[in-house]
Amino acid sequence: MRQLKERNRCNRSVRHLKIQGKIWLKNLKSGLDQIRESQVRGRRNNFLHDGSFHEAVAPVLAVAQCFCLMPVSGIGAPTYRGLSFRRRSWRFWYSSLYLCSTSVDLAFSIRRVAHSVLDVRSVEPIVFHVSILIASWQFLNLAQLWPGLMRHWAAVERRLPGYSCCLQRARPARRLKLVAFVLLAVSLMEHLLSIISVVYYDFCPRRKDPVESYLHGTSAQLFEVFPYSNWLAWLGKIQNVLLTFGWSYMDIFLMMLGMGLSEMLARLNRSLEQQVRQPMPEAYWTWSRTLYRSIVELIREVDDAVSGIMLISFGSNLYFICLQLLKSINTMPSSAHAVYFYFSLLFLLSRSTAVLLFVSAINDQAREPLRLLRLVPLNGYHPEVFRFATELASDQVALTGLKFFNVTRKLFLAMAGTVATYELVLIQFHEDKKSWDCSLSNLD
């Protein structure tokens, strides 16, 4: 009797467990179905990267168009074939309006400087506005050439050795986007620090409200002609943001070009490094030499399109480095100003160095095949190898600043020497001007 009761108890427990298990499995299935329905199924195209420069640089160009630069249509297209430049597009008129507003702002800045003492500091707004105005005009001209330039770029990319895996193919685009958006984030941080430092310690208040006083100081050249108004102050601030971004974007864009062109040469160098120690047929060396020549022709076409931007970038960076180093001798009015100033100086030095290193990598990669050709074995040394080596030894492959200078690593020492020389000259005539002591400060 006892055994029968125990057996019935066990059967009831098993049935209960089965019922609970079915309920749990049913709930689990319904939960998984809900998760599956709420997610978008990934497709093969979501995980593919074609490895093209057009695909990699598209997000950076999209950000630039938000700030009135590079008015090219079709930057988000899958291939370069979707690119076009149209004068009737809103992008073109948006950029043209920005050029007009910058020209007007420059005229007001010149008027203000003309009514003040002329020295190396007072001309800073003029140098800043002129640099951005010319660079913006250069970007507008580059936008017209961009579809044809990307067509040539894609034609050369198709001839390059392929990547070994999808991760390697996606790595250049990820690296390019990472560098671009890190620099944009740091540039935004620098601008926010400048706002905080002025609002936190307004050593020359022009208005009772600190925000209005900051806006008045940002567009002081306007309010020497017009009475203060909030809408005009905000328009001046928007113009200031566009100018500040344009100055940083010059360097970022040149870095992107340097990374893209040096990656082309690096892909050729990786192919040479794998094959150079074994005897290869003459056809391989003919292919390598003609591919190298195609890349060099592309680099020279890119240089013709961007050499003006290169000259403005290096010239303005050199001027502002000298000016900032001269200002660093002065006593800072507050700790907030000191934090902003030294952060800005460090960012300027780092960004200028990064531009030089990324762009000079083109010259470094272009010289690498000559070193690899020295490893060719004697039984694999064809006349085509000698012809290739002769071209490598005689070519000077680098981007230039309107053909005035070649961007190589040697330029770093030349710029450092120039900064040191001019800094010594400026220090001799330097006085610790306490510009925050405002004897004429009117509160409106």
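**Trp285**

I looked up the contacts of Trp285 in this predicted model. Leaving out residues up to four places away in sequence, Trp285 touches Leu272, Val276, Met280, Leu373, Val376, Gly380, His382, Glu384, Val385 and Phe388.

I then asked which core this residue belongs to. The largest nonpolar core has 103 residues, and Trp285 is one of the four that touch the most other members. The others of that four are Leu142, Trp146 and Met256. I checked which element supplies the largest share of this core, and found helix 9, residues 282–327, with 20 residues. Another core lies apart from this one and has 8 residues, including Phe108, Leu222, Leu232 and Ala233.

**Overall make-up**

I went through the elements next. I found 12 helices and 0 strands in the protein. Read from the N terminus, the order is therefore α-α-α-α-α-α-α-α-α-α-α-α, since helices and strands are numbered from that end.

I noted the burial for the protein: 46% of its 444 residues are buried. I also took the contacts with a separation of 6 or more, and 78% of them join residues 24 or more positions apart.

**Aromatic pairs**

I looked up the ring pairs and found 21 of them in the structure. I picked Phe223 and Tyr228 to start with. Their ring centres are 5.0 Å apart and their planes stand at 45°. That angle is neither under 30 degrees nor over 60, so I entered the pair as tilted. Is Phe223 buried or exposed? Phe223 has 11% relative accessibility, so I count it as buried. Tyr228 is buried too, at a relative accessible area of 16%; the cut-off for buried is under 20%.

My next pair was Phe245 with Tyr249. I have this one down as stacked, with 5.5 Å from centre to centre and 25° between the planes. Why are Phe245 and Tyr249 separated by about one helical turn? Both sit in helix 8, residues 230–275, and they are 4 residues apart there, which accounts for the turn. Phe245 counts as buried because its relative accessibility is 8%. For Tyr249 the relative accessible area is 1%, so this residue is buried as well.

I followed the ring pairs onward from Phe245 and Tyr249. They belong to a cluster that also takes in Phe67, Phe139, Trp146 and Phe253. Trp146 had already come up among the core residues that touch the most other members.

I also looked for a charge over a ring. Arg351 lies over the face of Trp247, at 4.5 Å from the ring centre.

**Helix 3 against helix 8**

I wanted to know how helix 8 packs against helix 3, residues 90–114. Their axes are 11 Å apart and the angle is about 105°. Angles of 65 to 115 degrees count as roughly perpendicular, so I describe helix 3 and helix 8 that way. Which residues meet where these helices pack? From helix 3 I listed Tyr98, Ser101, Thr102 and Asp105, and from helix 8 Gln239, Leu242 and Leu243.

**Ser95**

My last entry is Ser95, which lies in helix 3. Its relative accessibility is 4%, so Ser95 counts as buried. Not counting residues up to four places away in sequence, Ser95 touches Cys68, Leu69, Pro71 and Leu140.

Key
Residues are numbered from 1 along each chain as its sequence is written. This is a predicted model: local features need pLDDT of at least 70, side-chain atom pairs count only at pLDDT 80 or more; totals for chains, interfaces and linings use all residues. Side-chain values use heavy atoms; hydrogens and water are left out. A nonpolar core is a set of buried Ala, Val, Leu, Ile, Met, Phe, Trp, Tyr and Cys residues joined through side-chain atoms within 4.5 Å. Buried means under 20% relative accessible area, exposed over 50%, partly exposed in between (1.4 Å probe, protein chains only). Helices (H or I, at least four residues) and strands (E, at least two) are DSSP runs, numbered from the N terminus. Contact means heavy atoms within 4.5 Å. Rings of Phe, Tyr and Trp (its six-membered ring) pair if their centres lie within 6.5 Å; planes under 30 degrees apart count as stacked, over 60 as edge-to-face and the rest as tilted. A charge sits over a ring if NZ of Lys or CZ of Arg is within 6 Å of the ring centre and within 35 degrees of the ring normal. Axes are lines fitted to C-alpha atoms, for helices over the stretch in contact, and angles run from 0 to 180 degrees between N-to-C directions. Angles under 35 degrees count as roughly parallel, over 145 as roughly antiparallel, 65 to 115 as roughly perpendicular and the rest as oblique.
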